[in-house]
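Visitor: I should like to be guided through this structure by way of questions and reasoned answers.

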Amino acid sequence: MYGNSSPFASHGQRASTLYNRVGVETDVMTASPHRLVTLLLEGAFDSMTQGIGAIRAGNVEAKNRSLSRAVRILDEGLKAALNLESGELALDLRDLYAYMCMRLTHANLHSDEVAIEECVKLLQPIREAWASIAPAAAEQRVAA
């Protein structure tokens, strides 16, 4: 009923939440640029999945929180990190992320699972492509 940050949550629940937060913050602080994008992609997928679950459960607050987080990850994380001078791919990704933000905002306003699922399908090939270059990114970092 109450979230882990609630004063009514048990001490164990709050400690678990803090422990998880420290783990994520440590991962972010020590992560390579490739890993940071991976974390953003994972966060976007997690948020969209939580949004679908919240719609199905009729939990408006959780839906708003999850889908707003997904939009922020796409807009302030993935889109903002693009080097738009690097070429057409970056421009295409910028436009795709903007479209997905619009669709997720629509999904939030109208509790539209189909719009969220569309965004999941659009982002999946990017996540797979990004994961496939992980070995090359690690080799580049070692060589530098």
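Visitor: What percentage of the 144 residues of the chain count as buried?
Guide: The model is a predicted one. A residue counts as buried when its relative accessible area is under 20%. Of the 144 residues, the share that meets this condition is 28%.

Visitor: How many helices and how many strands does the chain have?
Guide: Read from the N terminus on, the elements run α-α-α-α-α-α. The count for the chain is therefore zero strands and, on the other side, six helices.

Visitor: Are helix 4 and helix 5 roughly parallel or roughly antiparallel?
Guide: Helix 4 covers residues 88-110 and helix 5 covers residues 113-132. They pack with their axes 8 Å apart, at an angle of about 155 degrees. Angles over 145 degrees count as roughly antiparallel, so the arrangement of helix 4 relative to helix 5 is roughly antiparallel.

Visitor: Which residues of helix 5 does helix 4 meet, and how many residues of the contact are nonpolar?
Guide: From helix 4 the contact includes Leu 93, Leu 96, Tyr 97 and Met 100. On the side of helix 5, the residues met are Ala 115, Ile 116, Glu 118, Cys 119, Leu 122, Leu 123 and Ile 126. The residues of this contact divide into one polar, two charged and, as the number asked for, 13 nonpolar.

Visitor: What is the handedness of the crossing of helix 4 and helix 5?
Guide: The handedness of a crossing depends on which way the near helix is turned from the far one. For helix 4 and helix 5, the crossing is left-handed.

Visitor: How many salt bridges does a search of the whole structure find?
Guide: Side chains of opposite charge can pair when their charged atoms come close. To count here, a side-chain nitrogen of Lys or Arg must be within 4 Å of a carboxyl oxygen of Asp or Glu. The number of salt bridges found in the whole structure is eight.

Visitor: How many residues apart in sequence are the parts that Glu 113 and Arg 56 tie together?
Guide: Glu 113 and Arg 56 form a salt bridge, with their closest N and O atoms 2.8 Å apart. Glu 113 lies in helix 5, whereas Arg 56 lies in helix 2, residues 33-57. The pair therefore ties together parts whose separation in sequence is 57 residues.

Visitor: Is Arg 56 buried or exposed?
Guide: Its partner Glu 113 is partly exposed, at a relative accessible area of 22%. Arg 56 has a relative accessibility of 59%. Exposed means over 50%, so Arg 56 counts as exposed.

Visitor: Which residues are linked with Arg 56 in a network of salt bridges?
Guide: Arg 56 forms a salt bridge with Glu 113. The network that links Arg 56 also takes in another glutamate, and its other members are Glu 113 and Glu 117.

Visitor: What separates Glu 76 from Arg 72 along helix 3?
Guide: The side chains of Glu 76 and Arg 72 meet in a salt bridge of 3.0 Å, N to O. Both residues belong to helix 3, residues 60-79, and they are four residues apart. Their separation is therefore about one helical turn.

Visitor: Which residues does Asn 108 touch, not counting residues up to four places away in sequence?
Guide: Asn 108 lies in helix 4 and is buried, with a relative accessible area of 14%. With those places in sequence left out, the residues touched by Asn 108 are Lys 63, Asn 64, Leu 67 and Ser 68.

Key
Residues are numbered from 1 along each chain as its sequence is written. This is a predicted model: local features need pLDDT of at least 70, side-chain atom pairs count only at pLDDT 80 or more; totals for chains, interfaces and linings use all residues. Side-chain values use heavy atoms; hydrogens and water are left out. Axes are lines fitted to C-alpha atoms, for helices over the stretch in contact, and angles run from 0 to 180 degrees between N-to-C directions. Helices (H or I, at least four residues) and strands (E, at least two) are DSSP runs, numbered from the N terminus. Angles under 35 degrees count as roughly parallel, over 145 as roughly antiparallel, 65 to 115 as roughly perpendicular and the rest as oblique. Contact means heavy atoms within 4.5 Å. Ala, Val, Leu, Ile, Met, Phe, Trp, Tyr, Cys and Pro count as nonpolar, Asp, Glu, Lys and Arg as charged, and the others, Gly among them, as polar. Buried means under 20% relative accessible area, exposed over 50%, partly exposed in between (1.4 Å probe, protein chains only).
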